[in-house]
Every structure is written in structure tokens, then in C-alpha cells.
Amino acid sequence: QLQLVESGGGLVQPGGSLRLSCVASESASGYSLYRHAVGWFRQAPGTEREGVACINAVDDRTFQVDSVEGRFTVSRDNVNNTVYLQMNNLDPEDTAVYYCAARGASYRCSFSRSGYESWGQGTQVTVSS
């Protein structure tokens, strides 16, 4: 199991941008983040945690849900064991705690919370004028 730490959240005005980082420390088994599919999830108060973007292991294919398509981009830096979520043109409805999660059992990522065995502690993103 990996230890994941998110950073980069904060307060931003509508239309602004933020880049979130998800850094992994190697588990006792020695696997690095590049061997894992990584998902970005968010949870607003009173709502279920939902997947918004994810990146496969191996082929680095990326996926976004419709509500963030064209605005959010996920990428990874294998040298630094980091996955990023670039968020542009932010809207107040994007306000939430954002989490990254990693799964090693399959190289394919998904927007479902099940199957992810490692989670970060979350970082708050607030979009407000």
C-alpha cells in the first residue's frame, strides 16, 4: 500500500486555475506510483465522493468525467513519483475536498472508489469570488 499526499489546494476565483499534486512514497513492497493507476476524486459537503479524472498505469491513458472535460487534465511524473491534476476555468461547483487514490491490482483506472487501496488525506479547493 502506498502513502499518498495531496497538495496544491486553496482559494481561487471563478475562472482561475490550480494544480494539485499527489506524491507517493514507496510501500514496503517497493512499488512506485508509476506501476499504479491513479484516480482523482472529490467530495463536497453533503455529497458522495465522486471520481473526476484518472490515469492508467503502463499506457498513461487519461480519462475525465463530462463535468470537467476540457478543463481538468491529469498527468504523471514518474521520476518524481507524482501525479498531477491541472484544473482550469474553475467554477464554484468545483469546490470540494480533492483526493488522489492508487490501485495496483489493475493497470486500468476507473471512476469507482472500489479497487483503490491507497488514498491520500485530501486537499481543499474553494472556488469563490
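This passage describes aromatic contacts, strand pairing and one loop residue in a predicted model.

The aromatic side chains come first. A search of the whole structure finds 3 aromatic pairs. One of them joins Phe41 and Trp119. The two ring centres lie 4.9 Å apart, and the planes meet at 50°. This geometry counts as tilted, because the angle falls between the limits of 30 degrees for stacked pairs and 60 degrees for edge-to-face pairs. Phe41 belongs to strand β4, which covers residues 37–43, and Trp119 belongs to strand β10. The two residues are 78 residues apart in sequence, so their pair ties together distant parts of the chain. Phe41 has a relative accessibility of 0% and is therefore buried. Trp119 reaches 26% and is partly exposed.

Trp119 also pairs with Tyr116. Here the centres are 6.2 Å apart, with 65° between the planes. The arrangement is edge-to-face, because the angle is over 60 degrees. Tyr116 is buried, at 6% relative accessibility. Phe41, Tyr116 and Trp119 together form one aromatic cluster.

Charged side chains also sit over aromatic rings. Arg103 lies over the face of Tyr116, a member of the cluster. The distance from Arg103 to the ring centre of Tyr116 is 5.3 Å. Arg19 takes up a position of this kind over Tyr84. In that case the distance to the ring centre is 4.1 Å.

Strand pairing was examined for β1. This strand spans residues 3–7 and has two faces. Leu4 and Glu6 make up the covered face. Gln3, Val5 and Ser7 make up the uncovered face. Strand β1 pairs with strand β3, which spans residues 18–25. The pairing is antiparallel and runs over 5 bridges. Ser7, on the uncovered face of β1, has Ser21 of β3 as its bridge partner.

The last residue considered is Ala105. It is found in the loop between β9 and β10. Strand β9 covers residues 96–103, and β10 covers residues 118–119. Ala105 has a relative accessible area of 80%. This value is over the 50% cut-off, so Ala105 counts as exposed. Ala105 and Ser118 are 13 residues apart along the chain. Their C-alpha atoms are separated by 11 Å.

Methods
Residues are numbered from 1 along each chain as its sequence is written. This is a predicted model: local features need pLDDT of at least 70, side-chain atom pairs count only at pLDDT 80 or more; totals for chains, interfaces and linings use all residues. Side-chain values use heavy atoms; hydrogens and water are left out. Helices (H or I, at least four residues) and strands (E, at least two) are DSSP runs, numbered from the N terminus. Buried means under 20% relative accessible area, exposed over 50%, partly exposed in between (1.4 Å probe, protein chains only). Rings of Phe, Tyr and Trp (its six-membered ring) pair if their centres lie within 6.5 Å; planes under 30 degrees apart count as stacked, over 60 as edge-to-face and the rest as tilted. A charge sits over a ring if NZ of Lys or CZ of Arg is within 6 Å of the ring centre and within 35 degrees of the ring normal. Two strands pair if DSSP finds at least two bridges between them.
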